[in-house]
Every structure is written in C-alpha cells, then in structure tokens.
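Here is a walk through this protein for anyone who wants to get oriented before going back to the bench. Keep the structure open while you read.

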Amino acid sequence: MHGVWHSSRIEKLGALFLVIASVFVAVLAIGSFMDLWRATPSMGNVITVDGEGSATIIPDIATISFSVMGEGKTASLAQEEATKKINVALALLKEKGIEEKDIKTTGYSVSPKYSYPQPCYTPPCIYDEQRIVGYQVSQTSEVKVRDTGAVGDILSALGDAGISQLYGPNFTNEDGDAVRAEARKEAIEKARAKAEELADQLDVRLVRVVSFYENTGGYPLPYYAKDAAIGFGGAVESRAVPTVPVGENEVVVNVSITYEIR
C-alpha cells in the first residue's frame with residue numbers, strides 16, 4: 001500500500017513539473033514574440049530615404065602592364081628570346097626604383113605557329129596539310145608604380161627597351177578607406193536631412209534606423225592639377241616623355257536608410 005501511494009505521489013510531482021515547464025516555455029515564447037513585434041515596425045510605420053556623397057583623392061598608385069613576345073622554330077628557342085626581353089625590362093624597372101614585390105607575372109603562354117596554304121585560283125588545287133612551323137611565347141607582367149610622377153619616364157624607358165605592348169596606366173589608391181568614410185558621412189547626412197524634412201511634412205517623428213544599405217563605387221574623373229604634366233600647364237623638360245596626368249579619383253557612396261516613424 002505504501003508503495004502504491006509513493007508511486008502515485010511521484011506521478012503527481014512529475015505531472016506538476018511538466019505543467020510548470022510548459023508554462024515557463026509559453027512565457028518565453030510570448031516574450032520573444034513581443035520583442036520581435038516591437039523590433040520590427042510594420043511597413044506602414046517607416047519611411048525610406050536615399051543619400052549620395054562623394055569625396056576626391058589624388059591617386060598614389062599607378063599600374064602598368066606590358067607584354068614581351070618571343071618566336072623560334074622550337075618552343076625552347078621562343079622561350080629563350082622572350083626571357084631575354086623580359087630580363088631587360090626587369091633590369092630597367094629595378095634601375096627605376098621598382099621593387100620586386102611590385103612586379104607580378106599575370107600571363108604566360110606558348111603557342112604553335114602553323115603554315116597556311118596559298119590561295120588557289122586555278123583548279124585543280126592541291127593543298128598541303130597544315131603543319132607547325134614554329135612557336136610563339138608571350139609573357140605579360142603587371143607593375144605597380146608608387147611614384148606616380150615617374151610613370152611617364154618609366155613608359156618611355158620601356159619603349160626605348162623595345163617593349164611595344166604597353167597597357168595603362170591605371171591610377172588607384174592603396175588605401176581609400178578614409179575618403180570612402182568621408183563620402184559615406186556626407187551621404188548619411190543628406191539622407192538624414194531628407195528624412196527630417198519628410199517627417200516634418202508628414203507631421204511624424206523619426207524614431208530610429210531600422211535598415212541601412214550602402215553602395216560604393218570609385219570613378220576616376222578628368223581633373224588635372226597645375227603643373228601636372230607637359231602639355232597640361234607643366235614645365236617643359238629636356239627629355240620628351242609621355243604625358244601622363246594623374247588627376248583625381250572620386251569615390252561616390254550611395255546609401256538607403258529606413259527610419260521607423262511615429
């Protein structure tokens with residue numbers, strides 16, 4: 001009898017514990033739901049505004065690419081010719097103060113050259129089979145020039161060394177975070193001013209930001225500083241070098257901000 005009473009008591013305690021646990025879970029669930037409801041205003045209680053900001057910065061990095069070609073009856077002969085040319089270019093760049101870490105190979109290819117039959121205008125025409133008559137090697141390198149004022153001189157020197165396939169320069173900035181932050185600040189201020197004006201017109205009050213989106217893009221603009229280069233108001237030098245105005249880069253930031261209103 002005592003055992004039955006003890007078992008029944010345990011069952012009642014277990015049932016009571018389950019009831020208490022269920023109530024506790026329900027309270028947590030209701031609290032989470034209320035927090036979620038409070039944190040997410042309905043679409044009728046928000047306004048979304050856009051803002052654009054910009055800031056300019058003088059580029060401090062110029063990127064130049066160039067390719068050398070080598071040809072020969074065998075692949076090794078073509079590679080040897082290309083290697084001689086690239087070694088001349090690398091020695092020249094070192095002479096100009098370019099560090100090894102700022103020179104990178106971006107492409108290397110070895111391709112066969114084929115013979116092509118002469119056109120036949122009087123039948124019967126007999127065509128020889130296409131055959132390999134030699135090889136061509138191409139090596140492309142990318143150079144980072146940290147002294148933007150030396151770009152024209154480096155381009156001229158590479159041209160004098162027989163490098164005819166030159167690309168660039170592309171002017172960029174190694175660290176554009178500061179100017180990007182400046183442009184972002186202006187964009188946010190414009191969006192905020194627009195939101196305050198709209199809230200005043202609607203006779204509502206801005207409560208808080210509930211979403212934020214940013215789109216950043218950098219665009220080089222044709223701005224030229226005084227004495228930037230020959231032909232653009234600069235001083236005339238005795239040696240003719242390519243005219244390479246550095247100009248300025250403009251960073252544009254667009255933001256979209258959603259405010260809760262009451």
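This is a predicted model, and its pLDDT averages 80, with 73% of the residues scoring at least 70. Confidence is lowest in helix H1 (residues 2–39), where the mean is 55, and highest in H2, where the mean is 95. Another stretch to treat with care is residues 218–239, where the pLDDT is below 50; the model still gives this stretch 33 contacts beyond near neighbours in sequence.

Now for the layout. The protein has four helices and seven strands. Read from the N terminus on, the order is α-β-β-α-β-β-α-β-α-β-β. Of the contacts with a separation of 6 or more, 83% are between residues 24 or more positions apart. Buried residues make up 27% of the 262 in the protein. As for the outside, the accessible surface comes to about 17,800 Å², and carbon and sulfur atoms own 56% of that.

What about the inside? The largest nonpolar core has 19 residues, and the members touching the most others are Phe 66, Leu 93, Val 145, Val 151, Ile 154 and Leu 158. Strand S2 (61–72), helix H2 (75–95), S4 and helix H3 (151–160) each give two or more residues to this core. H3 supplies the largest share, with five residues. Take Leu 158 as a way in: leaving aside neighbours within four places in sequence, Leu 158 is in contact with Phe 66, Ala 89, Leu 92, Leu 93, Ile 163 and Leu 166. There is also a second, separate core of 16 residues, and among them are Ala 55, Ala 183, Ala 191 and Val 251.

A few single residues are worth clicking on. Here is how four of them sit with respect to solvent:

| Residue | Relative accessible area | Status |
|---|---|---|
| Ser 141 | 2% | buried |
| Tyr 114 | 36% | partly exposed |
| Asn 215 | 40% | partly exposed |
| Glu 80 | 43% | partly exposed |

Start with Ser 141, which is found in strand S4 (residues 132–145). Why does Ser 141 count as buried? Because its relative accessible area is 2%, and the cut-off for buried is under 20%. Which residues does Ser 141 touch, not counting those up to four places away in sequence? They are Ile 64, Ser 65, Phe 66, Ile 86, Lys 104, Thr 105 and Thr 106. Phe 66 turns up here again, having already appeared among the contacts of Leu 158.

Tyr 114 belongs to strand S3 (residues 103–114). Together with Tyr 116 and Ile 132, Tyr 114 makes a nonpolar surface patch of about 340 Å².

Asn 215 is part of strand S6 (residues 206–221). Outside its neighbours within four places in sequence, Asn 215 is in contact with Val 252, Val 253 and Asn 254. How far apart are Asn 215 and Val 255 in space? Their C-alpha atoms are 6.3 Å apart, although 40 residues separate the two in sequence.

Last comes Glu 80, which sits in helix H2. Glu 80 and Gly 70 are 10 residues apart along the chain, and their C-alpha atoms are separated by 7.4 Å. Glu 80 is partly exposed because its relative accessible area is 43%, which falls between the 20% and 50% cut-offs. As a reminder while you look around this part of the model, H2 is the helix where confidence is highest, at a mean of 95.

Terms used:
Residues numbered from 1 in each chain as written. Predicted model: local features only at pLDDT ≥ 70, side-chain atom pairs only at ≥ 80, totals over all residues. Heavy atoms only, no water. Buried < 20%, exposed > 50% of the residue type's maximum accessible area, 1.4 Å probe, protein only. Contact = heavy atoms within 4.5 Å. Areas by Shrake-Rupley, 256 points an atom, 1.4 Å probe, with all protein chains shown as cover. Patch = residues over 30% accessible without salt bridge, like charges linked within 9 Å, V, L, I, M, F, W, Y side chains within 5 Å. Salt bridge = Lys/Arg side-chain N within 4 Å of Asp/Glu carboxyl O. Core = buried A, V, L, I, M, F, W, Y, C linked by side-chain atoms within 4.5 Å. pLDDT = per-residue confidence, 0-100.
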